[in-house]
Amino acid sequence: MAKRLRSGGIAAWSIRRPIAVTMLALAIVVPGLVAMGQLHIDLLPKLIYPNIRVRVIDSGVPAPIMEDQVTRQLEEQLAITEGAVAVESFTRKGRSAVDLSFPYGTDIDTALRDASNRLDRAKRFLPETIDPPIIYKLDPSQIPVLELVVSSGKRNISDLYEWADYLFSKSLINLPGVASVEVGGGQAKEISIEIDQERLAAAGLTFKDISELIDAENRDTPGGRLVMANRELNTRVAGRFTHLSDLQYLPLRSNDTMATTPLLLGEVADIQAGHGAEELRIRVDGVPGIKLSVQKQPQANTVAVVDGVLGYIEWMKTQGLLPQDVLVKRVNDQAAFIRHALRNAAYAAGSGAVLAMMVVFLFLGNLRR
């Protein structure tokens, strides 16, 4: 009998040494449990696609003009990027996009630097009115880990957008692991200037003259240093517009040399305070809202970032920092899918362990063995 047990292999050895088997199992299980709590949890694997994207925005410009003045210039300069195998462009009102594709295995960081150099050369041929071009590589980690919608039944959409953009989103950026918070939807406040073309032409001015004049006058300029007995102060001349009257009484340069009084902007244009167009419509139970997309840092834990943001919002409510008329609702959460996957993995591991013990008991007929 002893000889048969000795020849039974690992099964017989395990039965004769239950304490040793238990210690070996614990030596594997305990480090696994410790490491499980320190896992870098992400919904998607770390994968960088061999694509580089360039985006240029020039609000209000029609699509044909964007294609002729922006998209074609970008295509000509970016197409010669080393290693690029395909160039694809998209153009619509006020937006131009160019995508570069590279073979799999290409060092995308090197390709990004090369494309950035090509983009710097292309800037010489682009209009001065465009926003700074954006160039980036396609990375799944840039997908928002949390999307919130802010709504209010009392505030108008412009005031809500201003609160969400200047106060709420800025407070979330300082949280650990948060890379950026993008605000979308709503209607931002803006000043509309409707120019009377006949009066403008009679004054010998053009739309470009008005635009350049407003841009030149609406800025603060340094005023030099003010030296005092015990200290030195830096001064500035405040020249930014703060009221509609500042625009209405802005003097214009006119070609009429016989005029005794200066021509004012309010005499050739109707100036009103309003809000911009709602390009992205957000609704929560029929109430207009503002969307906030939270992106995490590349090495941050998705679940920890989401829990930190949601915990901070709850803290704001308890401290009275969140207005009572403002409702913050979660509409998309990557952490929920990750938690679901972890629960499924834990359930599979637990059920597998139970089934293994049941099978051993059925064969051995003794729990102690």
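**Entry: opposite residues in β2 and β3**

I began with Glu88 and looked for its bridge partner in β3, which turned out to be Asp99. The model I am reading is a predicted one, in which local features need pLDDT of at least 70 and side-chain atom pairs count only at pLDDT 80 or more, while totals for chains, interfaces and linings use all residues. Residues are numbered from 1 along each chain as its sequence is written, and side-chain values use heavy atoms, with hydrogens and water left out.

Going on along the β2–β3 ladder, I found that Phe90 has Ala97 as its bridge partner in β3, and that Arg92 has Arg95. Strand β3 covers residues 95–101, and its antiparallel pairing with β2 extends over seven bridges. I noted that two strands pair if DSSP finds at least two bridges between them, and that strands (E, at least two residues) and helices (H or I, at least four) are DSSP runs, numbered from the N terminus.

What happens at the turn between these strands? The hairpin of β2 and β3 has two residues between the strands, and Gly94 there takes a positive phi near 75°.

**Entry: the other side of β3**

I next looked up what joins β3 to β1, and I found an antiparallel arrangement held by seven bridges. Here Asp99 of β3 stands opposite Arg53, so I have Asp99 written down against both Glu88 and Arg53.

Is β3 mostly covered or mostly open? I recorded it as mostly covered, since five of its seven residues are buried; buried means under 20% relative accessible area, exposed means over 50%, and partly exposed lies in between (1.4 Å probe, protein chains only).

**Entry: the whole sheet and its helices**

Stepping back, I wrote down an open sheet of four strands, ordered β2-β3-β1-β4, with antiparallel pairing. Its edge strands are β2 (86–92) and β4 (134–137), each of which pairs on one side only. From one strand to the next, the twist averages 15°.

Which helix lies across β1, β2 and β3? I found helix α4 (residues 63–78) there, running at about 25° to β3, with β1 spanning 51–57. Helix α5 (residues 108–122) also packs on the sheet, where it touches β1, β3 and β4, and its direction makes about 165° with that of β4. For such angles, axes are lines fitted to C-alpha atoms, for helices over the stretch in contact, and the values run from 0 to 180 degrees between N-to-C directions.

**Entry: Lys329**

I then turned to Lys329, which is found in strand β15 (residues 326–333). Lys329 counts as partly exposed, because its relative accessibility is 37%.

Which residues does Lys329 touch? Leaving aside neighbours within four places in sequence, I listed contacts with Glu147, Leu148, Val149, Val284 and Asp285, where contact means heavy atoms within 4.5 Å. As a check on distance, I compared Lys329 with Val85: they are 244 residues apart in sequence and 43 Å apart in space, C-alpha to C-alpha.

**Entry: Ser171**

My last stop was Ser171, whose place is in helix α6 (residues 157–173). Why does Ser171 count as buried? Its relative accessible area is 18%, and therefore I entered Ser171 as buried. I also noted that a polar atom of the Ser171 side chain lies 2.6 Å from the backbone oxygen of Phe168.

Definitions and conventions:
Polar contact = N/O pair within 3.5 Å; in protein donor to acceptor, adjacent residues only side chain to side chain.
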